[in-house]
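User: I would like to go through this model and ask, for each term, what justifies using it. Could you set every value against its cut-off as we go?

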2 protein chains.
Amino acid sequence: MTKPPTIKDIARQLNISVSTVSRAIRNASDVNKETKKAVISLVEELNYQPNQLALSLRNKQTHTIGVIVPNLDYVLSMMVRGIDEVALEAGYTVMICQSNESFGREILNTRRLLESLVDGFIISVSAETKNFDHIKKIQEKEIPMVVFDRVTPHLKAPSVRIDNEDGGFQATEHLIEQGYKRIAILAGPKNLDISNKRMDGYLAALKKHGIKVDQNLIMHCDFNQDYAFFATQELLVMKKRPDAIFTISDRMAIGAMLAIKKKGLNMPEDIGLVGFNDEPILSLVSPTISSVEQPSFELGKITAKLFIESMHDNEDMSHVEKILKPKLYIRESSQRLLKK
Amino acid sequence: MTKPPTIKDIARQLNISVSTVSRAIRNASDVNKETKKAVISLVEELNYQPNQLALSLRNKQTHTIGVIVPNLDYVLSMMVRGIDEVALEAGYTVMICQSNESFGREILNTRRLLESLVDGFIISVSAETKNFDHIKKIQEKEIPMVVFDRVTPHLKAPSVRIDNEDGGFQATEHLIEQGYKRIAILAGPKNLDISNKRMDGYLAALKKHGIKVDQNLIMHCDFNQDYAFFATQELLVMKKRPDAIFTISDRMAIGAMLAIKKKGLNMPEDIGLVGFNDEPILSLVSPTISSVEQPSFELGKITAKLFIESMHDNEDMSHVEKILKPKLYIRESSQRLLKK
DNA sequence: AACGGTACCGGTAACGTTGCCGGTTTTCCC
DNA sequence: GGGAAAACCGGCAACGTTACCGGTACCGTT
């Protein structure tokens with residue numbers, strides 16, 4: 001009820017004009033030392049805080065970044081922390097919205113954030129998203145935007161991601177080197193670039209080592225433990241079943257592991273397994289599961305930095321692409337040869 | 001660069017006044033049908049969106065809720081999803097800030113959100129926070145606030161949480177029923193009510209069953225896997241070592257598990273273990289670990305609902321306390337008697 | 001013909017802030 | 001001691017919106 005003091009209150013109490021108060025608080029030029037001192041002391045006494053709404057209205061910027069993520073699982077919440085870290089430092093506040101992998105929700109989120117007049121967007125698209133009109137609408141308004149993690153070729157925007165192809169390649173080549181011959185892949189939804197790229201890496205590794213691709217060993221399913229479980233069961237009842245599985249996420253690796261165990265097969269002897277993300281859980285299960293790590297926190301920080309750059313520079317940065325290297329961590333689930 | 005159209009543009013194009021346009025868009029009263037139709041059609045053509053900043057400035061509300069959480073681990077991110085769900089439905093946008101369990105960061109977050117002129121706060125305090133002045137400052141400004149999950153008696157505010165004491169009690173009594181005699185507890189920081197309450201439940205269960213409390217079996221450490229690991233190691237080298245451990249979080253349970261395994265002890269035979277939170281990981285490790293589940297998503301939803309209520313009702317709700325029941329899930333780590 | 005009511009519309013002020021411009025006072029210099 | 005520059009300050013408009021008030025035109029009633 002006791003309304004916060006405004007610049008006007010200060011002006012009135014000191015019998016000076018609002019303009020002078022305004023100047024005293026900011027520029028410090030064109031204002032007498034005594035006056036300034038008086039203003040500042042009154043500011044402190046009343047605990048005056050400038051009304052950001054009024055400032056935003058006037059300056060047409062809110063110092064707020066809208067962040068849209070499909071979920072807040074381990075990897076993304078690390079990335080968000082990285083974004084948060086840098087944004088806060090730079091004086092921005094972050095609005096985080098989860099699309100819950102839903103296309104409709106993602107549209108709603110963008111609309112809401114647009115209404116909130118955020119200064120820009122940092123986006124990782126949902127798995128369901130095939131149509132990017134809502135995001136292009138942002139670009140048409142010439143609102144700065146950076147996409148991260150889940151990037152897509154359909155969007156011409158500065159982006160930050162890991163080298164997914166390399167990750168898939170590392171994982172697959174490692175399995176090959178361990179002597180696995182029939183390597184299956186549990187890929188994600190076909191429209192997700194992140195999934196396709198990891199599969200490209202898988203294919204490239206096979207090709208490099210002269211292994212023929214068997215379409216039956218390529219399964220697509222949702223980023224989801226249960227789906228992965230069922231998909232793996234299907235794989236394991238094939239007459240020529242795979243002797244290794246590369247899953248493009250750890251959740252899926254867990255699902256695969258459960259199916260493998262249920263079937264009574266042993267890792268790494270009967271079947272090898274490599275996941276993607278390197279969630280901490282992987283070193284806790286038995287056997288421990290190999291996985292491709294991505295530097296999530298770092299990636300978040302880089303994303304925010306790129307965003308802030310693209311805010312300030314006003315040249316076109318839509319071609320900028322930052323790509324971080326993933327790293328394979330080898331654990332029990334895929335190591336059937338002794339270390340050299 | 002093409003600035004978004006304002007009510008003024010519409011007025012000018014239609015040769016009517018801004019007032020009329022404003023009315024046409026909202027009330028619909030006091031405006032001719034034809035005029036209204038013309039306005040609405042132009043609104044659609046220009047894709048006019050009211051400027052929320054101007055609205056907020058005028059109406060003194062931003063339709064934004066500030067949410068401060070200590071982290072975004074499994075439980076909290078579920079809760080946040082619940083909050084998000086309900087808030088979005090009710091037309092609010094949510095600003096999520098992580099304090100990273102840091103007191104300083106929490107203060108910074110509250111300040112930032114206060115500056116952003118959020119309509120209210122939903123807070124779960126950091127583990128470091130012992131001084132609540134920054135939060136009381138919010139209350140002094142009579143800004144609506146609900147605390148959840150990590151509530152504290154130092155704050156008189158509407159709150160939503162689970163019955164932590166009951167959770168601690170269930171876990172401990174279960175261990176007692178399984179025949180464990182020397183039950184240790186890995187508690188969290190002493191200033192965290194959530195920790196103390198779970199410990200109260202632990203003590204109550206011991207008392208009920210006539211077991212004397214051994215202060216050596218009560219350890220305090222950070223909510224952290226590593227600390228729990230070391231604390232457990234200490235416990236296990238005592239001459240009269242405990243035969244069961246109750247940890248007040250699952251992260252700590254994992255730490256304890258690792259220490260137990262390293263020491264070569266078996267669960268549940270040599271030592272029993274029960275955690276708290278029921279993270280999915282617990283059914284994946286070996287042995288599977290018992291834990292007290294809390295209905296996180298539901299709790300988030302209830303929190304947001306309570307917040308919205310307390311927004312609209314303007315009577316004092318600081319005494320309102322919603323308490324949800326936790327539920328113990330028994331798994332291998334603590335079940336050494338056969339099921340009856 | 002005079003009056004009251006209704007339907008419709010426009011102008012103004014206000015939310016809190018700052019940039020710009022113009023004005024007054026002080027200071028300084030020759 | 002006169003003029004110019006510097007120091008200092010206030011008024012106005014504007015950002016986009018709406019609440020409030022006042023005004024006009026038209027209708028029907030007596």
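User: What makes the pairing of Thr35(A) with a phosphate oxygen of DNA strand D a polar contact?

Analyst: A polar side-chain atom of Thr35(A) lies 2.7 Å from that phosphate oxygen. A polar contact is a pair of N or O atoms within 3.5 Å (within protein, one must be able to donate a hydrogen and the other to accept it, and residues adjacent in sequence count only if both atoms are side-chain atoms), so a pair at 2.7 Å qualifies. Please keep in mind that this is a predicted model, in which local features need pLDDT of at least 70, side-chain atom pairs count only at pLDDT 80 or more, and totals for chains, interfaces and linings use all residues. Residues are numbered from 1 along each chain as its sequence is written, chains are lettered from A and ligands numbered from 1 in the order in which they are written, and side-chain values use heavy atoms, with hydrogens and water left out.

User: Which other parts of DNA strand D are reached, and by which residues?

Analyst: A polar backbone atom of Asn32(A) is 2.8 Å from a phosphate oxygen of DNA strand D, whereas a polar side-chain atom of Arg58(B) lies 2.5 Å from a base oxygen of that strand.

User: How do you know which residues surround DNA strand D?

Analyst: A residue is near a molecule or strand if one of its heavy atoms lies within 4 Å of it. By that rule 25 residues surround DNA strand D, and the closest are Thr20(A), Thr35(A), Ile7(B), Tyr48(B) and Arg58(B). Of the strand's atoms within 4 Å of the protein, 68% belong to sugar or phosphate, and the rest belong to bases.

User: What is the make-up of the surface near DNA strand D by class?

Analyst: That surface divides into 8 nonpolar, 10 polar and 7 charged residues. Here Ala, Val, Leu, Ile, Met, Phe, Trp, Tyr, Cys and Pro count as nonpolar, Asp, Glu, Lys and Arg as charged, and the others, Gly among them, as polar.

User: Which residues are closest to DNA strand C, and how many surround it?

Analyst: DNA strand C is surrounded by 25 residues, the closest being Ile7(A), Ser22(A), Tyr48(A), Arg58(A) and Thr20(B). Sugar and phosphate make up 66% of the atoms of DNA strand C that come within 4 Å of the protein. A polar backbone atom of Asn51(A) is 3.0 Å from a phosphate oxygen of this strand, an N or O atom in the side chain of Ser19(B) is 2.8 Å from a base oxygen, and a polar side-chain atom of Lys60(B) lies 2.9 Å from a sugar or linking oxygen.

User: What makes the pair Arg105(A) and Glu85(B) a salt bridge?

Analyst: A salt bridge is a side-chain nitrogen of Lys or Arg within 4 Å of a carboxyl oxygen of Asp or Glu, and the closest N and O atoms of Arg105(A) and Glu85(B) are 3.9 Å apart, so the pair falls inside the limit. Between chain B and chain A the count is 4 salt bridges.

User: How many residues are in contact between chain B and chain A, and how much area is buried?

Analyst: With contact meaning heavy atoms within 4.5 Å, 44 residues of chain B are in contact with 43 residues of chain A. The two chains bury about 3800 Å² between them, 59% of it on carbon and sulfur atoms; buried area is the accessible area (1.4 Å probe) that two parts lose on being put together, summed over both. In chain B, Leu53(B), Leu88(B) and Leu284(B) lose the most area to chain A, together 18% of what that side buries.

User: Is Gln98(B) buried or exposed, and why?

Analyst: Buried means under 20% relative accessible area, exposed over 50%, and partly exposed in between (1.4 Å probe, protein chains only). Gln98(B) has 2% relative accessibility and therefore counts as buried. Gln98(B) is found in strand E2 (residues 93-98) of chain B, where strands (E, at least two residues) and helices (H or I, at least four) are DSSP runs, numbered from the N terminus. Among the residues that Gln98(B) touches are Ser77(A), Asp84(A), Asn71(B) and Arg105(B), not counting residues up to four places away in sequence.

User: Why do Asn15(A) and Leu117(A) fall into their accessibility classes?

Analyst: Asn15(A) counts as exposed because its relative accessibility is 72%, whereas Leu117(A), at 30%, counts as partly exposed. Asn15(A) has a positive phi of about 60 degrees although it is not a glycine, and phi of Leu117(A) is near 55 degrees.
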